[in-house]
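Thanks, everyone. I'll put the sequence and the structure on the screen and then go through the fold piece by piece.

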Amino acid sequence: MIPIPNHLQALVHAPTERGGLLSFSLRCGCGCEAFNLLESETEYTSEQKRQKTSYFRALEEACRGASSVSFTIDQDGTGHTWVRKFPLGPKTEVFLPEEPKFAEAQLLKARCAACGSETVLFDASVHGWDGRIAKANAPVSACLPFHWRKMGQKDAPPAPVRVKIENDPTYEAFCENAGAGFSEEDYSEAFTWIQIQSRSATGKWTTRLDVETA
Ligand SMILES: [Zn+2]
């Protein structure tokens with residue numbers, strides 16, 4: 001069976017495995033099954049903000065009055081942006097400044113509605129294959145300034161949460177991929193995909209996080 005990630009042990013309720021995926025819902029130690037989800041929001045420096053603003057202004061300018069905008073990527077990874085001014089008119093390439101890429105914090109935590117205890121469900125810098133095994137590929141979110149922001153609508157009530165995880169089927173299979181020197185705890189944290197959903201009052205599940213972590 002795919003192992004439950006070590007950092008989630010205390011919250012896991014009714015785990016099941018099907019088609020190579022582990023699924024479970026969350027239940028707090030106090031018995032409550034309703035949570036508020038909070039995500040990290042990176043605090044950019046003023047220089048980073050300026051770069052982002054000028055990129056998005058250029059994009060807005062290029063797309064003004066367009067009937068459609070499309071993006072393509074060359075085999076060597078170069079991106080292109082195309083604009084069509086009329087529905088049947090020619091596609092014209094527009095040239096934009098390079099999109100600024102900053103390391104961003106990527107964390108999500110659950111706060112129990114009854115007792116208020118909090119658990120980080122996912123931190124890209126330490127959880128998942130890249131965070132745990134291939135550390136060079138992982139974002140350094142723990143080092144970046146961020147604040148917490150409630151997900152969903154401001155007045156949405158706390159809701160049930162479910163988690164799905166993809167990982168190697170056995171510790172032996174994991175060791176073949178990861179090499180020597182990793183523990184069973186590392187294996188439990190080295191999942192290659194994670195999805196976190198919450199259920200609205202109408203019963204609809206909304207995806208709050210969906211990340212390939214390898
Ligand atoms: Zn609780």
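I'll begin at one position, G152. With 15 C-beta neighbours inside 10 Å, this glycine counts as partly exposed, because the buried class needs 20 or more such neighbours and the exposed class 12 or fewer. G152 sits in the loop that links β9, residues 146–150, to β10, residues 161–166. S200 is 48 residues away from G152 in sequence, yet the two C-alpha atoms are 9.8 Å apart. Keep in mind throughout that this is a predicted model.

Now the overall layout. The protein has 214 residues, and 22% of them are buried. Its secondary structure consists of four helices and 12 strands. Along the principal axes, the C-alpha atoms fill a box of roughly 60 × 45 × 35 Å. For contacts between residues at least 6 apart in sequence, 59% join residues at least 24 apart.

There is a division into two domains. Domain 1 takes residues 6–43 plus 103–212, and domain 2 takes 46–94. Their C-alpha centres lie 34 Å apart.

Next, the sheets. One is an open sheet of three strands, ordered β4-β5-β6, with antiparallel pairing. Its edges are β4, residues 68–73, and β6, residues 91–94; each has a single partner strand, so one side of each is left without a neighbour in the sheet. From one strand to the next, the twist averages 35°. Between β4 and β5, the latter covering residues 79–84, there are six bridges, and the two strands run antiparallel. Within that strand pair, F71 stands opposite T81 in β5.

Another open sheet has four strands in the order β8-β7-β3-β9, again with antiparallel pairing. Here β8, residues 118–123, and β9 are the edge strands, each pairing on one side only. Ignoring direction, neighbouring strands of this sheet are turned by 30° against each other on average. Inside the sheet, β3, residues 35–42, pairs with β7, residues 107–112, in the antiparallel sense over five bridges. N36 stands opposite R111 in β7.

Then there is the pairing around β11. β10 and β11 run antiparallel and are joined by six bridges. The bridge partner of E166 is W193 in β11. On to β12, residues 205–212: seven bridges join this strand to β11, also antiparallel. I196 stands opposite L209 in β12. β11 and β12 form a hairpin with five residues between them, and G203 in the turn has a positive phi of about 95°.

Which residues of β11 are on its covered face? They are I194, I196 and S198, while W193, Q195, Q197 and R199 make up the uncovered face. As background, side chains in a regular strand alternate between the two faces of the sheet.

That brings me to the largest nonpolar core, which has 28 residues. The members that touch the most others are F35, L121, F122, V161 and I196. At least two residues of this core come from each of β2 (21–26), β3, β7, β8, β10 and β11 (193–199). Which strand gives the most to this core? That is β7, with four residues.

V161 is worth a further look. Leaving aside neighbours within four places in sequence, V161 is in contact with S25, L26, F35, L37, A110, I196 and S198. Two residues in that list, F35 and I196, also appear with V161 among the core members that touch the most others. I196 is also on the covered face of β11 and stands opposite L209 in β12.

One backbone detail before I stop. A14 lies in strand β1, residues 12–18. Although A14 is not a glycine, its phi is positive, at about 50°. Is A14 buried or exposed? A14 has 9 other C-beta atoms within 10 Å, so this alanine counts as exposed.

To recap, there are two domains, 6–43 + 103–212 and 46–94. The open sheets I described have the orders β4-β5-β6 and β8-β7-β3-β9. β11 is joined by six bridges to β10 and by seven to β12. The largest nonpolar core has 28 residues, and β7 gives the most to it. That's all from me.

Notes. Residues are numbered from 1 along each chain as its sequence is written. This is a predicted model: local features need pLDDT of at least 70, side-chain atom pairs count only at pLDDT 80 or more; totals for chains, interfaces and linings use all residues. Two strands pair if DSSP finds at least two bridges between them. Axes are lines fitted to C-alpha atoms, for helices over the stretch in contact, and angles run from 0 to 180 degrees between N-to-C directions. A nonpolar core is a set of buried Ala, Val, Leu, Ile, Met, Phe, Trp, Tyr and Cys residues joined through C-beta atoms within 7 Å. Two residues are in contact if their C-beta atoms, placed from the backbone, lie within 7 Å. Domain bounds come from an automatic or database domain assignment.
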